[in-house]
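Please look through the sequence and the 3D structure shown below before reading on. The report that follows moves from one pair of residues outward to sheets, chains and the contacts between chains.

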4 protein chains.
Amino acid sequence: MTQKKLQVEKEVEVRFSEVDSMGIVWHGNYALYFEDARELFGKTYHLEYLHMYEMGFYAPLVELSIQYKRPATLDDKLRVICTYRETDAAKIIFDYEIRHADTDEILVTGHSVQVFLDMQHQLVWQTPAFYTEWKKINGLC
Amino acid sequence: MTQKKLQVEKEVEVRFSEVDSMGIVWHGNYALYFEDARELFGKTYHLEYLHMYEMGFYAPLVELSIQYKRPATLDDKLRVICTYRETDAAKIIFDYEIRHADTDEILVTGHSVQVFLDMQHQLVWQTPAFYTEWKKINGLC
Amino acid sequence: MTQKKLQVEKEVEVRFSEVDSMGIVWHGNYALYFEDARELFGKTYHLEYLHMYEMGFYAPLVELSIQYKRPATLDDKLRVICTYRETDAAKIIFDYEIRHADTDEILVTGHSVQVFLDMQHQLVWQTPAFYTEWKKINGLC
Amino acid sequence: MTQKKLQVEKEVEVRFSEVDSMGIVWHGNYALYFEDARELFGKTYHLEYLHMYEMGFYAPLVELSIQYKRPATLDDKLRVICTYRETDAAKIIFDYEIRHADTDEILVTGHSVQVFLDMQHQLVWQTPAFYTEWKKINGLC
């Protein structure tokens, strides 16, 4: 049985202010593009911050990793692909791939890891019930 | 009788990421530098957001105006001079002047206007008591 | 005879990172939204930076003015309306209006002024020929 | 024989605009702080972009990795420690540690990897002569 792959794709336009003096997107700005896609994922699959908060949890980023393959420049249109990575841990892990919308070249890859904190800001080691439920609904367990 | 001039000066270093593809500071980033100086003013003269909040007021910006005379570039050190402009209105008005730290040339000027909102986010037309008091302490009325 | 109004409208989504600790769009970020619309204007009416550069001119911003009426918050969709303001001076002036996409409320207004520099970075007082031509093509003179 | 550890420390103040709606520094902004320290390293040890460019090389980032331990908030003063990591590869690798200036707590760690491109933007596999020389001068080989 093949499992469902949870994935969204967000189109992003490079802004003038996001390009540095070398004429390419400043490396730190890819965190913006990843977040754009991650937020779209949350909306698409109902895994928003607000929903988690209502369930009693924060989900802060604890790791962000970015690999730069090729530069993006002004007026480039980018496709940011955000894929949910399965894990048994009490974590939310996403893999990212940014492709040039026209050439389809991979420009950037990366991943992010989020953990759960309770309302007292204490790390939650066990998978929260709402997250197990979310996985079930989405055919992941 | 000469009146006291309330003024602070904040030194700011231009960041690589603040420079655009023309090799000059992106125009929108001067709002950062103005804010750096405005916050220093708040600390220096005890007119911080937190203090105003405790007195029951927000003080949102309602106007920001920037004039660009000469460009700043990477590694430039800037002096941001923030001067309180006297007014009888229930407003906080600052004038800004950004000078190159080495050459003393004026690069940018501007001003900002803040008004007072109460905790219900309603505009306050009368000068709040704490602000009148603050003016007195600082020899402005 | 009524004259043609040169105007574009750009839809912008507020990013998580553009919202400040008060839960509203940080005031400096509206310079981003104005620029998004200004660039769309350039593309739509063929008044791009690159084109001007090929004609032998830079067109730096010398003034930016922003009035804040109401705050925008996370996930708000904004319509940024950029309108060309006629002038006999050797300047490019735009007026901006940002409206909430759903409620149509005006959140922010503003304007920007650009002048022309030649390739030696000297201010050009006379309207460049290409700009006069551009005005004619667009029914402005 | 102990080898010299090449390290710089840059103090950074958190800006209002760098804090998100959760009241903590937005995760993408740590790329700014890392860069601040990396630039100081370049100045301190004469490994600046401009110098490398004059030697015929670009040194773009190909990897950035950030681990978030504890949040930083408004007005926090941070110490960003940037340490050169030795490698035989034709790469520049830095490790970063961000500590709270007052409490000395580690808030964020990370590393970055840069490679060398020649003026035709082709990847350089062999360590450039200037970089070998730089290592010698700094007691690294």
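In strand β2 of chain C, the residue C:Q67 is the bridge partner of B:E63. Helices and strands are named here from DSSP runs (H or I for helices, at least four residues; E for strands, at least two) and are numbered from the N terminus. This is a predicted model, in which local features need pLDDT of at least 70 and side-chain atom pairs count only at pLDDT 80 or more, while totals for chains, interfaces and linings use all residues. Residues are numbered from 1 along each chain as its sequence is written, and chains are lettered from A and ligands numbered from 1 in the order in which they are written.

**Sheets across chains**

The bridge just named belongs to a pairing between β2 (residues 61–68) of chain B and β2 (residues 61–68) of chain C, which run antiparallel to each other over five bridges; two strands pair if DSSP finds at least two bridges between them. These strands sit within an open sheet of 10 strands with antiparallel pairing, in the order β1(B)-β3(B)-β4(B)-β5(B)-β2(B)-β2(C)-β5(C)-β4(C)-β3(C)-β1(C). At its edges are β1 (7–13) of chain B and β1 (7–13) of chain C, each of which pairs on one side only. On average, neighbouring strands of this sheet are turned by 15° against each other, direction ignored.

A helix lies across the strands in chain B and in chain C, as the table shows; angles run from 0 to 180 degrees between N-to-C directions, and axes are lines fitted to C-alpha atoms, for helices over the stretch in contact.

| Helix | Strands it lies across | Angle |
|---|---|---|
| α1 (residues 30–44) of chain B | β1, β2, β3 (77–85), β4 (91–100) and β5 (106–115) of chain B | about 135° to β1(B) |
| α1 (residues 30–45) of chain C | β1, β2, β3 (77–85), β4 (91–100) and β5 (106–115) of chain C | about 135° to β1(C) |

**Chains D and A**

Strand β2 (residues 61–68) of chain A pairs with β2(D) in the antiparallel sense, again over five bridges, and D:L64 in β2(D) is the bridge partner of A:I66. In total, 13 residues of chain D are in contact with 13 residues of chain A, where contact means that the C-beta atoms of two residues, placed from the backbone, lie within 7 Å. On the side of chain D that touches chain A, β2(D) gives the largest share, eight residues. By class, that side of chain D holds eight nonpolar, four polar and one charged residues, where Ala, Val, Leu, Ile, Met, Phe, Trp, Tyr, Cys and Pro count as nonpolar, Asp, Glu, Lys and Arg as charged, and the others, Gly among them, as polar.

A turn of 180° and a shift of 0.0 Å along the axis lay chain D on chain A with an RMSD of 0.0 Å, the superposition being by least squares on the C-alpha atoms of residues with pLDDT of at least 70 in both. That is the relation of a two-fold axis. In chain D, the C-alpha nearest the axis belongs to D:S65, 2.1 Å from it.

**One chain and one residue**

Chain A has three helices and five strands, which follow the pattern β-α-α-β-β-β-β-α along the sequence. Its C-alpha trace spans about 45 × 40 × 20 Å along its principal axes.

In chain D, the residue D:T83 is found in strand β3 (residues 77–85). D:T83 counts as partly exposed because it has 17 C-beta neighbours inside 10 Å; a residue is buried with 20 or more other C-beta atoms within 10 Å of its own, exposed with 12 or fewer, and partly exposed in between, with C-beta atoms placed from the backbone.
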